[in-house]
Amino acid sequence: MTISTVYAPTEYSVTGGNATTFTFIWEVLAETDVIITLDGVVVSPGLYEIQLNGSAPIYAGGTVVFTTPPFGEVLTIYRSTDRLQQVL
């Protein structure tokens, strides 16, 4: 099964510093496929938890939950996957 390579990164304005939960709707194979940046800088995985929707082998989106509200200009959630297709 092939995952579509067409998707849009999800961006949020986080200037208020109040929200801790952010969702994304595109498919991933694992939590490690999800990358979070704040103002273009990769956020340390220890500052958030990823909760995926659905079940393996393909998860249908998910939620990023921060332990404290991120503060900055733009929070971006994007997918970074291997270029090779897995055989399941």
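**A walk through an all-strand chain**

Of the 88 residues in this chain, 32% count as buried. Keep in mind as you look around that this is a predicted model. The chain has seven strands and zero helices, so reading along the sequence gives the pattern β-β-β-β-β-β-β. On the outside, the chain exposes about 5700 Å², and carbon and sulfur atoms supply 55% of that area.

Let us begin with how the strands sit side by side. Three of them form an open sheet in the order β2-β6-β5, with antiparallel pairing. In general, strands of a sheet pair through backbone hydrogen bonds, either parallel or antiparallel. Here β2 and β5 stand at the edges and each has a single partner strand, so one side of each is left without a neighbour in the sheet. From one strand to the next, the twist averages 20 degrees. If you would like to trace one pairing in detail, try β5 and β6: these antiparallel strands are joined by seven bridges. One place to look is G54, whose bridge partner in β6 is Y59.

Now turn to the interior. The largest nonpolar core has 16 residues, and those with the most contacts inside it are F24, V34, I36, V64, F66 and I77. Several strands contribute: β2 (21-28), β3 (34-38), β5 (48-55), β6 (58-66) and β7 (74-79) each give two or more residues to this core. The largest share, four residues, comes from β2.

V64 is a good residue to pause at. Leaving aside residues up to four places away in sequence, V64 touches T20, T21, F22, F24, I36, Y48, E49, I50 and I77. Contacts between distant parts of the sequence show up across the chain too: among contacts with a separation of 6 or more, 73% are between residues 24 or more positions apart.

Finally, have a look at the aromatic rings, which make four aromatic pairs. In one of them, F22 and F66 meet edge-to-face, at 5.9 Å centre to centre and with 90 degrees between the planes. F22 lies in strand β2 and F66 in strand β6, so this pair ties together parts that are 44 residues apart in sequence. Are these two rings buried or exposed? F22 counts as buried because its relative accessibility is 4%, under the 20% cut-off, and F66 is buried as well, with a relative accessible area of 7%. The ring pairs also reach beyond these two residues, linking Y12, F22, Y48 and F66 into a cluster.

How values were computed:
Residues are numbered from 1 along each chain as its sequence is written. This is a predicted model: local features need pLDDT of at least 70, side-chain atom pairs count only at pLDDT 80 or more; totals for chains, interfaces and linings use all residues. Side-chain values use heavy atoms; hydrogens and water are left out. A nonpolar core is a set of buried Ala, Val, Leu, Ile, Met, Phe, Trp, Tyr and Cys residues joined through side-chain atoms within 4.5 Å. Buried means under 20% relative accessible area, exposed over 50%, partly exposed in between (1.4 Å probe, protein chains only). Contact means heavy atoms within 4.5 Å. Two strands pair if DSSP finds at least two bridges between them. Axes are lines fitted to C-alpha atoms, for helices over the stretch in contact, and angles run from 0 to 180 degrees between N-to-C directions. Accessible areas come from the Shrake-Rupley method with a 1.4 Å probe; for residues, only the protein chains shown count as cover. Rings of Phe, Tyr and Trp (its six-membered ring) pair if their centres lie within 6.5 Å; planes under 30 degrees apart count as stacked, over 60 as edge-to-face and the rest as tilted.
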